[in-house]
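This briefing covers selected features of one model. It moves from aromatic contacts to a sheet and then to a helix.

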Amino acid sequence: MTNRLRVVAATPISEDLVAHVLSLEPRIDFVRDQTLLPSMRHPGDHAGDPAFTRTQEQQRAFEKLIDSAEALYGVPDEKPSELARTAQTNPTLRWVHTMPAGGGAQVRSAQLSDRDLKRIAFSTSAGVHAEPLAEFALFGLLAGAKTLPTLQHNQKQKLWPGRWTMPLIREQTILIIGLGSIGKATALKLKALGATVIGTSRRTDPVAGVDELVHPKDLARAVSRADGIVVTLPGTTTTEGLVSRSLLDRVKQGSTFVNVGRGTVVDEQALTEAIENGRIAYAALDVFAHEPLSPNSPLWSSPRVLISPHTAALNPAEDRLIAELFAQNAGRLLDGKELINRVNTVEFY
């Protein structure tokens, strides 16, 4: 172990951001070959242009670089199979930083051996996406409270009906399922509007902006009191199907539902039925159980559903914030400190 860290770019990163990382942590040797990396079409495009291909010779050169790394900036080509390949091939690999907030899912999909999971540290970009997703959650809750479907329908039909009341967020109780970085950011924004905020957590430590903490086992009781529900949980074996049919049956009539976590957390068929029967009056969904969402899904045609193609987290600052988090973690690794956002390799979050 030395006082320097050999980092190889496994996913796209601009030269400006490489220079920024090195200015923040000069003990890094940042190795990259831009000819072997796809171009990014937009911020957060970590897999890069799908039209990009490598020749066999270029692929061998790319793998040779990857296999020389002590640390990887991203999962190679965002493919868990490539992570598995280099983990088996490269005995010097110490750390992989994943681009998504839910990068634990990539690690789980790689199906690494117990030995490799113990040898290699993994971290995610959780927190980088908290603010944009919190804003989207607030946007969805406001759209539900201010009867956006009715407004859009009347405008399209050029109708000027009688006036009607619109609920105030400050008079609503909002349940946030999951108080990670996204949930905490959402709570603060809701509290600024005067809402009563309930949050689920296994811990009892106070959380800023949250009026009441409930244990996940008491979720059924909590959903029956909520005017709005925001799901922020990652996709793990523990959270899969947590928002079940039986739970959705307990939801308060006419509530608003927002999902900015992972689609696998929610029973999508039961959610669709809850929207169709009016139990959920409005849903703003950024994530789905299977993506892209099937053209046959009835969610597409519902006027009371807002579909975002898993894009609510993207923002112009994302790549810079990930690079800065990476630089901070590189310093922590070199100094023998615990990594920020280290992946739990039992539940993979």
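How many aromatic pairs does the structure hold? The structure, which is a predicted model, holds 5 aromatic pairs. One of them is formed by phenylalanine 30 and phenylalanine 326, with a tilted arrangement. The points below take up this pair, an open sheet of 7 strands and helix 6, which lies across several strands, among them strand 10.

**Aromatic contacts**

- The rings of phenylalanine 30 and phenylalanine 326 are 6.2 Å apart, centre to centre, and their planes are at 45 degrees.
- Phenylalanine 30 belongs to strand 2 (residues 28-31) and phenylalanine 326 to helix 12 (residues 318-334), so this pair ties together parts that lie 296 residues apart in sequence.
- Both partners are buried: phenylalanine 30 has a relative accessible area of 6%, and phenylalanine 326 has a relative accessibility of 0%.
- Phe30 and Phe326 also belong to a cluster, linked by ring pairs, that includes Tyr73 and Trp95.
- Arginine 54 lies over the face of phenylalanine 62, 3.8 Å from the ring centre.

**The open sheet**

- The 7 strands of the sheet follow the order 8-7-6-9-10-11-12, and their pairing is parallel.
- Strand 8 (212-214) and strand 12 (305-307) are at the edges; each has a single partner strand, so one side of each is left without a neighbour in the sheet.
- On average, neighbouring strands of this sheet are turned by 15 degrees against each other, direction ignored.
- Strand 9 (residues 228-231) pairs with strand 10 (residues 255-259) over 4 bridges, in the parallel sense.
- Opposite glycine 228 stands threonine 256, a residue of strand 10.

**Helix 6**

- Helix 6 (residues 130-145) lies across strand 6 (173-177), strand 9, strand 10, strand 11 (280-285) and strand 12.
- Relative to strand 10, helix 6 runs at about 160 degrees.
- From its first C-alpha to its last, helix 6 reaches 22 Å with its 16 residues, close to the 22 Å expected at 1.5 Å a residue.
- Helix 6 is mostly covered, with 12 of its 16 residues buried.
- Among the buried residues of helix 6 are Leu133, Phe136, Leu138 and Leu141, and also Gly140 and Gly144.
- Threonine 147, just after helix 6, takes a positive phi of about 50 degrees.

Note on methods. Residues are numbered from 1 along each chain as its sequence is written. This is a predicted model: local features need pLDDT of at least 70, side-chain atom pairs count only at pLDDT 80 or more; totals for chains, interfaces and linings use all residues. Side-chain values use heavy atoms; hydrogens and water are left out. Rings of Phe, Tyr and Trp (its six-membered ring) pair if their centres lie within 6.5 Å; planes under 30 degrees apart count as stacked, over 60 as edge-to-face and the rest as tilted. Helices (H or I, at least four residues) and strands (E, at least two) are DSSP runs, numbered from the N terminus. Buried means under 20% relative accessible area, exposed over 50%, partly exposed in between (1.4 Å probe, protein chains only). A charge sits over a ring if NZ of Lys or CZ of Arg is within 6 Å of the ring centre and within 35 degrees of the ring normal. Two strands pair if DSSP finds at least two bridges between them. Axes are lines fitted to C-alpha atoms, for helices over the stretch in contact, and angles run from 0 to 180 degrees between N-to-C directions. Contact means heavy atoms within 4.5 Å. The expected span of a helix is 1.5 Å times one less than its number of residues.
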